[in-house]
Amino acid sequence: MKKYYNMRLFGEKVSFLIDRRALMVFLILTASVAGVFIISTGTGEMKISPLKVLQVFFGGGSDMERLVIQSFRLPRIIVALMVGIALAVAGGILQGMIRNPLASPDIIGITGGASVAVVGFLALFSDENNALTVSINWMPLAAFAGAAIVAFLVYFLAYKDGVSPIRLVLIGIGIASLMKALTTLMMVFGPIYQASQANIWITGTVYGSNWGNVAILVPWTLILLIVAFILARNVNIQELGDDIATGVGSTVQKYRFLLLMVSTALIGGAVAFAGGIGFVGLMAPHMARRLVGSAFGALLPASALIGGILVMAADLIGRTLFSPLEIPAGVFTASIGAPYFIYLLFRTRNT
Amino acid sequence: MTAGQAIATKDLTLSYGDTIIINELNLEIPKGEITVFIGGNGCGKSTLLRSIARLLKPKSGGVLLEGEAIARLSTKDVARKMAILPQSPAAPEGLTVLQLVKQGRYPYQTWLKQWSTEDELKVRNALKATGMEGLKDRTVDSLSGGQRQRAWIAMTLAQDTDTILLDEPTTYLDMTHQIEILDLLFELNEKEQRTIVMVLHDLNLACRYAHNIVAIKDQKVFAQGKPEHVINCGLVKNVFGMDCEVTIDPLFGTPLCIPYGKGRCILKGQGL
């Protein structure tokens, strides 16, 4: 069988080279996402069979099942899926753009900026009884603003006749450490109750997600996802280095800025609703690369699906393994992520 | 064979910070020929090539491509006329040869139109010309140095430009592969009359393959012309600061430079 399929439509106005293997992987991953989604929806204090879950999706099931699924489980599972997609795609873009497989949202400080904003928000808007003086619903906005401000800061500090990937990553690492220090400082000086609240957020959890979150996060993530796919070929070309990219006629700096903005917006949305879920942005693109290779047209969609599976699975384990105790999803992504990270370094050690 | 100039520089001054590298250079590069830049380390030959390829902004002056100022053309228009292969480019892990060569079609593509019949044809031709057809599904990082360089050249060929610039395309290659790459470029010039401009370190290979040699020294062109006209002991002494004997290559009749220096001399009674 041929490895590729030429897709040409509308008198060649639309044409793509489709990698058959990538297409297969994509279909399998999509099925896995659906599988994990349904299993996760059916699992918890009250067990519901996958068939019943499907019935509820199509308006059937008992009142109790509908209540549990629609009010409690679905919103958080959908948020977990979106967060996974967003972090994975952003991580993939950053790795390609910075030309470094170790780049990820955590490492260049964007997530750190959101952490500072959240800790700052908790400190600033609490009264002496540790009660928030403003609605907790403002916290996502604070997180998003923190992520965006840091992304701009990193970009402008790295700017010198345009932005080079190495400057971006070095400044990013510097800013990330600074953000970590600021977070710790504020937590030490703040009351203990706040510190533990902030800590849960920093670890990352989709606990307490509601339909309001879903209504914002789903369109936000999906629109950015489409933009990311449109920009995929520019990630491909940037990954070959600035000289090659310029040589084939890409306006490198314009696309670098655009790509950074798209990843920041994706990360911002994710951290706003789920906190600092780590390692997904690092791991998912790597796993995808093993499966479909390095071309971003295939890599980004595959990363997105793997990211979705990772966060949904982490959340599922987190809320069932030690039930009724809830473990933040970020704990599980980190506990898979950290060893994977070491494995990655170990594996590339000899090449 | 020549029909005017492919590239010209006009009062081109290049600098890194305050250090002037090339000073008010007016250079013409003939169309349809192989031009090789030579010069000592740090003389600015690579810098000049990069600036012609618009990878480096001039301090003043400019570059004309087929008579038009490069700075005024859109970067995609330039990319359809001129391709550049920088020195030792690196491909990401896991990228296949086909995926790499396909990137050469970037200036012709839009986000919905990424694999037209023409793209397919040009990529196939590029793979064929470089002998990479059988290796197209291998990953670039799994190839040998020579194969890898051929893959990159295939990418610049897929760009389908009249002019190709290459910055030291034979660096890090053993002698067999150096000849293989240069033969490939020579054939491209012979068969398709593509203008080739490159930087080479090996003076003897430069003399063999170039129609036109540009020797660079002290921020300007020291000499330009056919190797057999310009390469002599005096030039080598001046440009490279090296004493040598220039003789004739017994196989090709082109100038052959043999440096003086230390080493084992086994000729009887002719010790230096």
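Visitor: How many residues does each chain bring to the contact between chain A and chain B?

Guide: Two residues are in contact if their C-beta atoms, placed from the backbone, lie within 7 Å. Here the contact takes 27 residues from chain A and 34 residues from chain B. Keep in mind that this is a predicted model: local features need pLDDT of at least 70, side-chain atom pairs count only at pLDDT 80 or more, and totals for chains, interfaces and linings use all residues. Residues are numbered from 1 along each chain as its sequence is written, and chains are lettered from A and ligands numbered from 1 in the order in which they are written.

Visitor: Which element gives the most to chain B's side of that contact?

Guide: Helices (H or I, at least four residues) and strands (E, at least two) are DSSP runs, numbered from the N terminus. On the side of chain B that touches chain A, H2(B) gives the most, with 4 residues. Helix H2 (75–81), strand S6 (82–85) and helix H4 (117–129) of chain B each supply at least two.

Visitor: Which strands pair with S1(B)?

Guide: Two strands pair if DSSP finds at least two bridges between them. S1(B), residues 5–16, runs antiparallel to S2(B), residues 19–30, over 8 bridges. One bridge joins Leu12(B) to Leu25(B). That hairpin has 2 residues between the strands, and Gly17(B) takes a positive phi near 65°. S1(B) also pairs with S4(B), residues 60–65, in the antiparallel sense over 5 bridges, with Ile7(B) partnered by Leu65(B).

Visitor: And the cores? Which residues have the most contacts inside the largest nonpolar one?

Guide: A nonpolar core is a set of buried Ala, Val, Leu, Ile, Met, Phe, Trp, Tyr and Cys residues joined through C-beta atoms within 7 Å. Buried means that 20 or more other C-beta atoms lie within 10 Å of a residue's own, with C-beta atoms placed from the backbone. The largest core has 107 residues, and those with the most contacts inside it are Val83(A), Ala86(A), Val89(A), Val118(A), Ala143(A) and Met312(A). Helix H3 of chain A, residues 63–98, gives the most to this core, with 20 residues. Apart from it lies another core of 77 residues, Ala53(B) and Leu127(B) among them.

Visitor: How is chain B divided into domains?

Guide: Domain bounds come from an automatic or database domain assignment. For chain B, domain 1 is 1–66 + 162–272 and domain 2 is 94–160. Their centres, taken over C-alpha atoms, are 27 Å apart.

Technical notes. Buried ≥ 20, exposed ≤ 12 C-beta atoms within 10 Å, placed from the backbone.
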